[in-house]
Amino acid sequence: MVEAINGARRLNCRFTGEAGHAGTVPMSHRKDALAAAAEWMVRVETLTREQGGNRVATVGTLRCAPGAVNVIPGDVTLTLDIRGPHDQPLDALLDTLLKEAQAIASRRQLRFSAEEFYRIAATACDSGLQQVLSEAVQAVQGRSLTLPSGAGHDAIAIAERWPSAMLFVRCKGGISHHPAESVTADDVALAIAAYSRAVSALDAGK
C-alpha cells in the first residue's frame, strides 16, 4: 500500500575547471572538472544513503569536454535527480549536496553552478482510503505493508482535487519500469481481491 508519492527535484549542474595537456600539466597544478564531478558523485551517493528516510539521488547523465583521451577535462555537465516522500527533508538534502559541490569546487579551484529545471511536491495518500485498503489487504493475505512510491504517478494530479490512494503488486526482484519487470498471476489475483473488498467497503459506508 502506498503512503505517499515521492516529490522530486531535477537540476542541471556544471563543474568548470581548466583543460590542459594530459602529459605536461603536473598533478598539483590541475583543475580537473571530471575529477571534481566524480568526487561529488560519490558524496551524493554516500550522503543520501546516510540520511535514509526513503530519499534517493541519481546522477543520470554526464558530459565531459573537450572529451579527448590526452586532454584534462575542463568542463563537465551532469544532471541530479533527487526524490523523497517529504518535501522539507528532501530540500534539506538538496541544500547539503549543493554545498558539498561548492566546497569540492572551491578546494580544487574550480567553479560549480546548478540550475533547477523540475520540481514537484511530495503527495501524501489519503489516510482514510489507506485505512480501507490496509484492512482489505490484511483480510486477503494476513498483513499489509506500506511504502512510498519512488516514481511519479497520475495520482499526484488526482490528489489535487479528490482523495487518492494506491495499491502496489510486488515485482520480482523489486524491478519496476523496466523490461524485466514481472509479477505473478497469484499476486495479481490477491490485489484484485483486496481492491474489490475495499471498493465494497467504501460502497457500504456511503
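## Where two domains meet

Nine residues of domain 1 touch 14 residues of domain 2. Keep in mind that you're looking at a predicted model. The chain splits into domain 1, residues 2-120, and domain 2, residues 125-205. Let's look at how the two parts meet, then at a little sheet, and finally at a salt bridge.

**The contact between the domains**

- Measure from C-alpha centre to C-alpha centre, and domain 1 and domain 2 are 35 Å apart.
- Together, domain 1 and domain 2 bury about 1000 Å² between them, and 60% of that is on carbon and sulfur atoms.
- Which three residues do most of the burying for domain 1? They are V2, E3 and I5, which supply 67% of the area that domain 1 buries against domain 2, more than any other three residues.
- If you go hunting for salt bridges between domain 1 and domain 2, the count is zero.
- Polar contacts do turn up there: five residue pairs make one across the interface of domain 1 and domain 2, with both partners at pLDDT 80 or more.
- Strand β1 gives the largest share of domain 1's side of this interface, with four residues.
- Sorted by class, that side of domain 1 has five nonpolar residues, two polar ones and two charged ones.

**A small sheet with β1 in it**

- Strand β1 shows up again here, in an open sheet of three strands that runs in the order β9-β1-β10, with mixed pairing.
- The edges of this sheet are β9 (123-124) and β10 (147-149), and each of them pairs on one side only.
- How do β1 and β10 pair, parallel or antiparallel? Strand β1, residues 2-5, and β10 go together in the parallel sense, over two bridges.
- To find the spot by eye, look for I5, which sits opposite S149 in β10.
- You've met I5 already: I5 is one of the three residues that supply 67% of the area domain 1 buries against domain 2.

**Salt bridges**

- Side chains with opposite charges can pair up when their charged atoms come close.
- How many salt bridges does the structure hold? There are 13 of them.
- One to look up is R10 with D81, whose side chains meet in a salt bridge at 3.1 Å, N to O.
- R10 belongs to strand β2 (residues 7-16) and D81 to strand β7 (residues 75-84), so this pair ties together parts that are 71 residues apart in sequence.

Technical notes:
Residues are numbered from 1 along each chain as its sequence is written. This is a predicted model: local features need pLDDT of at least 70, side-chain atom pairs count only at pLDDT 80 or more; totals for chains, interfaces and linings use all residues. Side-chain values use heavy atoms; hydrogens and water are left out. Two strands pair if DSSP finds at least two bridges between them. Domain bounds come from an automatic or database domain assignment. Contact means heavy atoms within 4.5 Å. Buried area is the accessible area (1.4 Å probe) that two parts lose on being put together, summed over both. A salt bridge is a side-chain nitrogen of Lys or Arg within 4 Å of a carboxyl oxygen of Asp or Glu. A polar contact is a pair of N or O atoms within 3.5 Å; within protein, one must be able to donate a hydrogen and the other to accept it, and residues adjacent in sequence count only if both atoms are side-chain atoms. Ala, Val, Leu, Ile, Met, Phe, Trp, Tyr, Cys and Pro count as nonpolar, Asp, Glu, Lys and Arg as charged, and the others, Gly among them, as polar.
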